[in-house]
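Got your viewer open? Let's take a walk through this protein, one selection after another.

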Amino acid sequence: MEELRELAAFAAALREESIPTTARCAAACCVLDTVSAGAGASDDPLVRRATEELLPLYGTGGDAELWGRARSAPLHAAVFLNALASHTLELDDVHTASKTHIGTVVIPAAWGLARRLGVRGPRLVTAVVAGYETAARVGMALGVVSHRKRGFHATGTAGVFGAAAACGNLLGLDEEHMLSALGMAGTQASGVWAFLADGATCKALHPARAAANGLAAAYLARAGMTGPSGILAAEDGGLFAAMTDAPEPCRLNAGLGETWEILRLDRKPYPCCRSTHCAIDGALALRAEHG
């Protein structure tokens, strides 16, 4: 599928000098916003209990930080737990055209790996932009309405592609290896809305799993494992066939390198689903007008 290959080549080759200042500034704001949301959830009871239960599975020590918790953890654990925390307060950013909360997936993965590699500043921002552009475009290509009506949570299903792209950019993957990383990201894509039926509390598991899986996909691609280049369009097992009735593959590369999806984000004034904010605004306006 040439559109996905073109997106992989873009994510692999992206460098600071090819990103406009507005997009770099937006990425820096996304980092600040996501880290703040994750640190803000550090005292959430479920986040604390999940941390205590899961950390022993990864061993002791580690050189990656858990945001807001003054402790370190192995990289894979920190990426997972920081992504979990970033989604917990429902304050993460929203790319409305794809219905994805990209920051809560891409930034924990990129931040943790950047710290591991000893890079910061412009390199981190570049990787974040690569991740946002990839996740947003995959999310749009999945056909937003149809994908949601099939029961899939795009933050997990599209987000994992963004984490793989960001980490692949930091690891210096070339086009072929990046394409494999995206293929392996897609074969791990998951997350469904079944939790709504009974109010289950596992929604934050979706970005957590996506961030950790994207990190692993990039490392496995560097190790030589290959992922399916037809992960989206394959007749047997492709995500378009499995996850949507209205795929839009042209969205993968439309305006690539010219139209920057990271500039098309909403930030939440209220800690809840972005779709409810209009009702909140309406209620507050009525109260202000009528008492």
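Before you click on anything, keep in mind that this is a predicted model.

**Stop 1: the core.** Start by selecting V128, Y132 and I262. These are the residues with the most contacts inside the largest nonpolar core, which has 86 residues. Now highlight helix α6, residues 122-141: with 11 residues, α6 gives the most to this core. Zoom in on V128 and show what surrounds it. Leaving aside residues up to four places away in sequence, V128 touches A27, V31, V106, I107, A110 and I262.

**Stop 2: helix α5.** Next, select residues 103-117, which make up helix α5. How far apart are its end C-alpha atoms? They are 20 Å apart, and that agrees with the 21 Å that 15 residues should span at 1.5 Å a residue. Is α5 mostly covered or not? Mostly covered: 11 of its 15 residues are buried. Colour the buried ones and you'll pick out G103, T104, V105, V106, I107, P108, A109, A110, G112, L113 and A114. To see what covers them, turn on α2 (21-40), α4 (75-88), α6, α8 (154-157), α9 (159-171) and α11 (205-223), which are among the covering parts. Then step just past the helix to G118, which follows α5 and has a positive phi, near 75°.

**Stop 3: aromatic pairs.** The structure holds three aromatic pairs, and we'll visit two of them. Select W67 and W111 first. Their ring centres are 5.8 Å apart and their planes sit at 85°, so this pair is edge-to-face. The pair links distant parts of the chain: W67 lies in the loop between β1 (64-66) and β2 (71-73), while W111 belongs to helix α5, 44 residues apart. W67 counts as buried, at 3% relative accessibility, whereas W111 counts as partly exposed, at 21%. Now move on to W193 and F195: here the ring centres are 5.3 Å apart and the planes at 35°, so the pair is tilted. F195 counts as buried, with 8% relative accessibility.

**Stop 4: cysteines.** How many disulfides does the structure hold? Zero. Select C202 and C273 to see why: the closest cysteine sulfur to that of C202 is in C273, 16 Å away, which is too far for a bond. For C273, the closest cysteine sulfur is in C272, but at 7.3 Å that is too far as well. Switch on the surface to finish: C202 counts as partly exposed, at 35% relative accessibility, and C273 also counts as partly exposed, at 40%.

Definitions and conventions. Residues numbered from 1 in each chain as written. Predicted model: local features only at pLDDT ≥ 70, side-chain atom pairs only at ≥ 80, totals over all residues. Heavy atoms only, no water. Core = buried A, V, L, I, M, F, W, Y, C linked by side-chain atoms within 4.5 Å. Buried < 20%, exposed > 50% of the residue type's maximum accessible area, 1.4 Å probe, protein only. Helix = DSSP H or I, 4+ residues; strand = E, 2+ residues; numbered from the N terminus. Contact = heavy atoms within 4.5 Å. Disulfide = S-S within 2.5 Å. Expected span 1.5 Å × (residues − 1). Phe/Tyr/Trp six-rings, centres within 6.5 Å; stacked < 30°, edge-to-face > 60°.
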